[in-house]
Number of protein chains: 2
Amino acid sequence: MLIVQKFGGSSVADAERVMRVADIITRTYRQGNEVVVVVSAQGDTTDDLIAKANEINPKASKREMDMLLASGEQISIALLAMAIEKLGCPAISLLGWQAGFRTNSKYSNARIKKVDSERIRAELDKNKIVIVAGFQGLNKYDDITTLGRGGSDTSAVAIAASMHADLCQIYTDVDGVYTADPRKVPNAIKLDEITHDEMLELATLGAQVLNNRSVEMAKKYGIELEVLSSITQKPGTKVKEVTNVEKMLITGVAKDTSIARIEIVGLPDSPGIAFKVFALVAQAHVNVDIILQSVGRDGTKDISFTVPEADGEKTVAALKEYCERLGVKTINCDTDLAKVSIVGAGMETHEGVASKMFEALSDANINIQTISTSEIKISVLIDRKDADRAVASVHSKFFDTDD
Amino acid sequence: MLIVQKFGGSSVADAERVMRVADIITRTYRQGNEVVVVVSAQGDTTDDLIAKANEINPKASKREMDMLLASGEQISIALLAMAIEKLGCPAISLLGWQAGFRTNSKYSNARIKKVDSERIRAELDKNKIVIVAGFQGLNKYDDITTLGRGGSDTSAVAIAASMHADLCQIYTDVDGVYTADPRKVPNAIKLDEITHDEMLELATLGAQVLNNRSVEMAKKYGIELEVLSSITQKPGTKVKEVTNVEKMLITGVAKDTSIARIEIVGLPDSPGIAFKVFALVAQAHVNVDIILQSVGRDGTKDISFTVPEADGEKTVAALKEYCERLGVKTINCDTDLAKVSIVGAGMETHEGVASKMFEALSDANINIQTISTSEIKISVLIDRKDADRAVASVHSKFFDTDD
């Protein structure tokens with residue numbers, strides 16, 4: 001089998017952890033597999049480098065920032081290769097550009113255009129374990145780029161897709177995907193399997209285990225992922241196109257407490273207004289989530305929508321001039337909200353999922369402000385202070401059994 | 001003018017020093033010059049990386065060691081480019097391979113084969129200050145190599161040679177080349193100019209200001225070097241083919257206290273023996289310096305020679321079997337010695353230089369054990385405990401004036 005294994009920064013934070021990771025890799029190799037490893041920068045390396053840069057020039061160009069940050073993975077791949085050599089297996093480390101990562105030129109948030117995997121293949125054919133620097137690539141000017149947040153997950157999936165790997169294992173500090181955050185919900189259940197779509201919904205809902213871009217790419221190329229812990233080394237959660245286990249009604253309960261709701265009160269009730277509002281928001285590079293539009297009354301209507309909390313003020317600023325011109329009385333930015341969601345491919349074919357969720361919230365005496373649904377997701381907006389109680393109550397309603 | 005400026009690790013050890021170096025560079029640029037900068041890894045970065053590697057695998061492959069260490073300059077070039085951006089000048093950092101450094105494949109001590117300077121030229125033509133990572137290159141397998149000790153000096157001279165630069169400035173933490181170590185000899189004099197040959201002799205004699213390979217390359221390609229301080233920013237010492245100032249009799253007094261003398265007593269006095277001895281030493285990759293061979297007597301002769309102190313035991317081991325076979329009674333390794341030398345192109349045309357040196361040693365009541373001379377150098381071996389006194393006395397004899 002050709003297996004891609006990805007290890008995050010905390011998995012290689014110090015010499016001891018590097019040796020533990022090397023042990024996982026060499027055992028996979030000695031079982032007769034071809035192994036390509038993708039690794040992130042060690043522990044706090046990236047943050048330390050950013051601090052160094054800020055001390056010198058907080059407005060440094062992104063090109064130089066990428067040059068700086070890419071050194072982090074260079075250190076971790078070399079150390080990991082040395083650790084594998086010590087365990088008696090042949091290994092070679094490759095930088096992003098050596099491993100064939102070609103990207104566009106959007107420094108600090110580049111997209112992978114292709115992976116020319118000839119070099120990786122050649123090293124595998126020499127029976128080597130190949131250690132690839134995640135998070136980085138090369139643009140058409142022969143300059144170093146980085147892939148942005150969670151980029152190493154994407155690097156791993158891109159290699160798996162390019163080389164038609166049999167499995168792509170993402171090692172993290174959690175041992176799989178849970179039905180809720182296990183630190184908050186003690187009886188959260190680890191899932192054996194989950195579909196790509198469910199994983200995508202859970203990720204966008206604030207249950208970040210895998211980077212979304214990597215799951216999207218895995219879905220597109222039909223790559224099977226496995227999320228597992230580099231510490232416990234037990235089987236994790238498989239992310240695949242079709243899950244084999246008897247379909248669970250829902251696969252998870254997630255919350256997102258870093259949202260803001262923008263409310264525009266008193267817009268003229270005429271065609272094209274909503275379009276213009278969201279065009280302005282898009283121009284400000286803000287992603288809009290749940291939208292609610294009131295029915296027109298007295299020639300005016302209200303629009304509210306949620307955005308990432310960090311973008312709240314920016315969104316208001318982008319709309320201010322236009323709204324004043326239209327005679328809008330109020331634009332609010334409300335950050336006292338949380339979004340709680342349930343996700344599950346099973347709800348497509350089962351009725352009553354929504355009402356079960358609302359019952360759970362009612363049991364907990366929590367007021368629902370807004371509801372939004374998709375094929376495999378139901379989200380509600382509630383008071384932020386109620387978020388943890390809401391997750392616990394909903395989770396209990398769907399997952400606690402009398403067995 | 002096209003000026004290459006090289007800054008060592010201590011010159012860019014922290015944010016403040018990086019800014020100071022950026023100030024030197026931007027002032028040179030604003031005077032209308034094209035500026036290519038070569039920079040080493042910050043302060044202790046290289047040592048820290050080596051420590052990390054040793055913790056994991058003290059016998060790591062040199063290829064992976066080079067991958068690891070090359071990250072050090074990647075950090076410093078990015079930070080320096082950011083500092084220059086902050087001062088309002090356009091800058092771009094280039095890794096060794098991006099700057100066109102092609103080397104052989106001897107990891108950890110690679111030789112530069114050529115510098116394809118098209119990219120550097122293209123960036124200069126865009127009016128950019130170009131910051132190049134010293135110490136590193138790429139071999140024919142597209143793998144990162146490092147140039148070994150003092151490699152950044154060599155990188156700077158190689159760029160200067162490849163681009164026909166008008167001047168190559170080597171910034172260090174001393175403000176030039178002195179007639180003796182100024183920390184030991186208070187009345188040491190800073191030289192305004194020195195020839196490449198004199199600089200080479202001084203470097204090999206333990207007065208390491210410039211890396212020897214870089215001086216050899218500068219001599220070969222006729223590059224004028226200037227050694228100067230990044231702190232005082234006063235004019236330093238120029239290293240050039242012909243010095244203009246009235247020729248000084250000697251340019252410097254140097255000592256080397258890390259030598260060992262190997263003595264082989266009672267070798268058969270027959271042809272080919274000395275050849276075989278030094279062939280064995282060469283096979284052990286040990287450089288031999290001062291050789292003394294006794295006149296044959298009773299069919300035997302003695303040979304003694306000096307080697308770097310660190311190679312003493314290795315040298316004895318390499319000779320042991322051969323010498324025992326020949327019936328040699330004694331092989332000694334004596335580490336209680338120092339070499340004190342005077343260097344100067346002037347001595348070629350002046351008599352009495354040697355006797356003046358010996359007089360100075362005699363004045364100080366220091367016994368000379370061995371003497372070795374070349375066109376521009378006279379070296380003596382003396383007791384190591386006398387080394388500092390010897391340098392002071394010789395320096396005083398040649399440089400103290402009654403003016």
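This is a dialogue about reading chain symmetry, a chain contact, helix packing and a sheet in a predicted model.

Trainee: I would like to begin with the two chains. Which rotation superposes chain A on chain B?

Mentor: Here is the general idea to start from. Two copies of a chain are related by a rotation about an axis and a shift along it. In this predicted model, the rotation is 180°, the shift along its axis is 0.0 Å, and chain A superposes on chain B with an RMSD of 0.1 Å. That is the relation of a two-fold axis.

Trainee: And which residue of chain A comes closest to the rotation axis?

Mentor: Look for A:Ser71, whose C-alpha is 2.5 Å from the axis. As for the surface, both copies use the same one, since 100% of the contact residues of chain A recur in chain B.

Trainee: Let's turn to that contact, then. How many residues of each chain are in contact?

Mentor: Chain A brings 28 residues to the contact, and chain B brings 28 as well. On the chain A side, the elements giving two or more residues are helix H1 (15-30), helix H2 (45-56) and helix H3 (62-86). H3(A) supplies the largest share, with 14 residues.

Trainee: What classes of residue does the side of chain A that touches chain B have?

Mentor: Sorted by class, that side of chain A has 16 nonpolar, 6 polar and 6 charged residues.

Trainee: Now for helix packing. At what angle do the axes of helix H1 and helix H3 of chain B cross?

Mentor: With a helix pair, take the angle, the distance between axes and the handedness in turn. For H1 (residues 15-30) and H3 (residues 62-86) of chain B, the axes cross at roughly 60° and come within 9 Å. The two helices are therefore oblique to each other, and H1(B) passes H3(B) in a right-handed crossing.

Trainee: Which residues meet there?

Mentor: From H1(B) come B:Val18, B:Met19, B:Val21, B:Ala22, B:Ile25 and B:Thr26, and they meet B:Leu79, B:Leu80, B:Ala83 and B:Ile84 in H3(B). By class, this contact divides into 9 nonpolar residues, 1 polar and no charged.

Trainee: I'd like to try another pair. How do helix H10 and helix H11 of chain B pack?

Mentor: H10 (residues 353-363) and H11 (residues 387-399) of chain B pack at about 130°, with their axes 9 Å apart. H10(B) and H11(B) are therefore oblique to each other, and the crossing is right-handed. Among the residues of H10(B) in this contact are B:Lys356, B:Glu359 and B:Asp363, while H11(B) takes part with residues including B:Lys397 and B:Phe398. The class count for this contact is 6 nonpolar, 1 polar and 4 charged residues.

Trainee: Finally, the sheet. What is the order of the strands in the open sheet of chain A?

Mentor: Read a sheet by strand order, then by its edges, then by individual pairs. The 8 strands here run S3-S6-S2-S1-S9-S11-S12-S10, with mixed pairing. At the edges are strand S3 (91-94) and strand S10 (193-195) of chain A, each pairing on one side only. From one strand to the next, the twist averages 20°.

Trainee: How many bridges join strand S11 to strand S12 of chain A?

Mentor: There are 3, and S11 (residues 225-229) and S12 (residues 237-240) of chain A run antiparallel. A:Leu225 is placed opposite A:Val239 in S12(A).

Trainee: Which strands does H3(A) lie across?

Mentor: H3(A) lies across strand S2 (34-39), S3 and strand S6 (129-133) of chain A, and runs at about 165° to S6(A). H3(A) is also the helix that gives the largest share of the chain A side touching chain B.

How values were computed: Residues numbered from 1 in each chain as written. Chains lettered and ligands numbered in written order. Predicted model: local features only at pLDDT ≥ 70, side-chain atom pairs only at ≥ 80, totals over all residues. Contact = placed C-beta atoms within 7 Å. Helix = DSSP H or I, 4+ residues; strand = E, 2+ residues; numbered from the N terminus. Nonpolar A, V, L, I, M, F, W, Y, C, P; charged D, E, K, R; others polar. Axes fitted to C-alpha atoms, helices over the stretch in contact; angles between N-to-C directions. Parallel < 35°, antiparallel > 145°, perpendicular 65-115°, else oblique. Left-handed = near helix turned anticlockwise from the far one by under 90°. Least-squares fit on C-alpha atoms with pLDDT ≥ 70 in both. Pairing = 2+ DSSP bridges.
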